[in-house]
Amino acid sequence: MDVLIAVLTFLLVMLLGFLAFYYSNLYKKKIGITDRIRKEVAPEQSEGAVGGWSRKQFVLMTINRFGEAIRPKLDTNVSRTKKRLVSAGYQGENDAVAFFGAKAVLAGVLLSAFLLIKLIALPAMPAQKFLALTLLSAVIGFYLPDYHLYRRAKEKKARIFEGFPDALDLLVVCVEAGMGLDAAIKRVGDEMALENKVLSDEFRMLSLELRAGKSRSDALRNLAFRADLEDVSSLVTLLIQTDRFGTQVAQALRVHSDAMRTKRYQRAEEAAAKLPVKILFPLVFFILPGLIITLLGPAAIKFYRVILKGSMTW
C-alpha cells in the first residue's frame, strides 16, 4: 500500500510539474508577443508590464485552462452557475470558467497536500481511513468555491437589504424634486457610495445600462436579476408597470415607499417576537445553571458543613 501511495504521489507531482512547465512556456510566448505589440504602440508603457502581474496572470491562465477542460457541456448548468456568480457580485465574462477551474485546482492542491502529509507524518495510517480522508480532502477542495459563492451572495443580499429602504426614500425625494427617473437613479448611486458600496454599484450599473441605450424595462430586470431580492423585484415591477401605463412615477414611488416602510416595521416586530423563543435555550442551558450555582452554592456548602458533617461526627 505504501508503494502504491508513493507511486501515485510521484505521478501526481510529475503531472503538475509538466503542466506548470507547459503553461509557463506558453505564457512566456504570450508575454513576448504582448511586449512587442506594446513597444510598437506605446514604447513608454512597455517597461514594467511583466513585473508584478506575471505570476498572477499565470495562475489565472492555469485556472482558466482547467476550467475549460471540466466545464459542463450543457448550457443550463453553465447558466445556473453564471446566475450564482452574478448574485455573488462576479459579472465578468470568463468568471464561470475561472470558477470551474478553481474547483479543479483546489481539489488537486488539497489532495496533493494530504498525500504529502501522509507520506511524511502519517506512514502507518490504515488503508480504509487513508482512502476516506483522501476522498474527503478532494471533495472539500472541490466544493470550497461553492461555499465562497454562498457566503459572498449572502453578504451581498444582506447589504442590499439593509440599504434599500434608504435608497428608495432618496429616489422618491429626487423624483419629487423634479429630476427624471434616469437622473434620479444616477444620483442615488452617487449618494449611496459612502454608506452602502454594494447598493451604489448596483444603481451605477443600472445607470450605465440606461445611458448605453438599453431599454428601461430590460435594465430594471437586470437589476432584479443581480440583486435576487423580493423587495428589489417588487420595485422593478412597479417601475415597469408605471412606465408602460404612463402613470406618475413620483406618486407610485411614494406609495411603494410607504408600503416598504410598513413592511420594514412588520419585519422588525416579527424579529422582536421571535427573540424570546430564541433566547430560551441559551437561558436554560447556560445562564440558569450559573445562577443556581452562584445562589445556592454557598448555602449548600454551609448545609454540608453544619448539618451533614456535624451529624457524621456525632
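# Pocket, cavity and helices in a predicted model

Q: Which residues line the second largest pocket of this predicted model?
A: In this predicted model, the lining of the second largest pocket consists of Ala88, Gly89, Gln91, Arg152, Glu155, Lys156, Lys197, Val198, Asp201, Glu202, Met205 and Leu208. Its volume is about 230 Å³.

Q: What makes a residue part of a lining?
A: A lining residue has an atom within 4 Å of a grid point of the pocket or cavity. Arg152 and Met205 are among the residues that line the second largest pocket.

Q: How do the residues of that pocket lining divide into nonpolar, polar and charged?
A: The lining has four nonpolar, two polar and six charged residues. Gly is classed as polar, and Asp, Glu, Lys and Arg as charged. Gly89 of the lining is therefore on the polar side of the division, while Arg152, Glu155 and Lys156 are among the charged residues.

Q: Which helices supply at least two residues each to the lining of the second largest pocket?
A: They are helix H5 (127–176) and helix H7 (197–211). H7 gives the largest share, with six residues.

Q: How do you know that H7 has the span expected of a helix?
A: H7 has 15 residues, and the expected span is 1.5 Å times one less than that number. The expected value is 21 Å, and the distance from the first C-alpha to the last is 21 Å, so the two agree.

Q: Which residues of H7 are called buried, and what does H7 pack against through them?
A: Buried requires under 20% relative accessible area. In H7 the buried residues are Leu199, Ser200, Glu202, Phe203, Leu206, Ser207, Glu209 and Leu210. They pack against H5, helix H6 (181–191) and H8. Glu202 also lines the second largest pocket. Just after H7, Gly213 has a positive phi of about 110°.

Q: How many cavities of 30 Å³ or more does the structure hold?
A: The structure holds one. The largest cavity has a volume of about 40 Å³.

Q: Why is a space called a cavity rather than a pocket?
A: A 1.4 Å probe fits in a cavity but cannot get out, whereas a pocket is an open set of points. The largest cavity is lined by Leu171, Ile185, Phe203, Leu206, Leu220, Leu223, Leu235 and Leu239. H7, helix H8 (216–227) and helix H9 (230–245) each give two or more residues to this lining.

Q: What classes of residue make up the lining of the largest cavity?
A: All eight are nonpolar, with no polar and no charged residues. Leu, Ile and Phe count as nonpolar, so the list fits the count.

Q: Why is Asp228 called buried, partly exposed or exposed?
A: Its relative accessibility is 35%. Buried means under 20% and exposed means over 50%, so Asp228 counts as partly exposed. Asp228 lies in the loop between H8 and H9. Its phi is near 55°, a positive value in a residue other than glycine.

Q: How do you know that the length of helix H4 agrees with its number of residues?
A: H4 (residues 95–121) has 27 residues, which should span 39 Å at 1.5 Å a residue. The end C-alpha atoms are 38 Å apart, so the values agree. Among the buried residues of H4 are Phe99, Phe100, Lys103 and Phe114.

Q: How many helices and strands does the protein have, and what share of its residues is buried?
A: The protein has ten helices and zero strands. Buried residues make up 27% of the 314 residues.

How values were computed
Residues numbered from 1 in each chain as written. Predicted model: local features only at pLDDT ≥ 70, side-chain atom pairs only at ≥ 80, totals over all residues. Heavy atoms only, no water. 1 Å grid on protein atoms, 1.4 Å probe; cavity = no way out; pocket = protein on both sides within 12 Å on 5 of 7 lines; lining within 4 Å. Points joined across faces, edges and corners; volume = space filled by probe spheres on them. Helix = DSSP H or I, 4+ residues; strand = E, 2+ residues; numbered from the N terminus. Buried < 20%, exposed > 50% of the residue type's maximum accessible area, 1.4 Å probe, protein only. Contact = heavy atoms within 4.5 Å.
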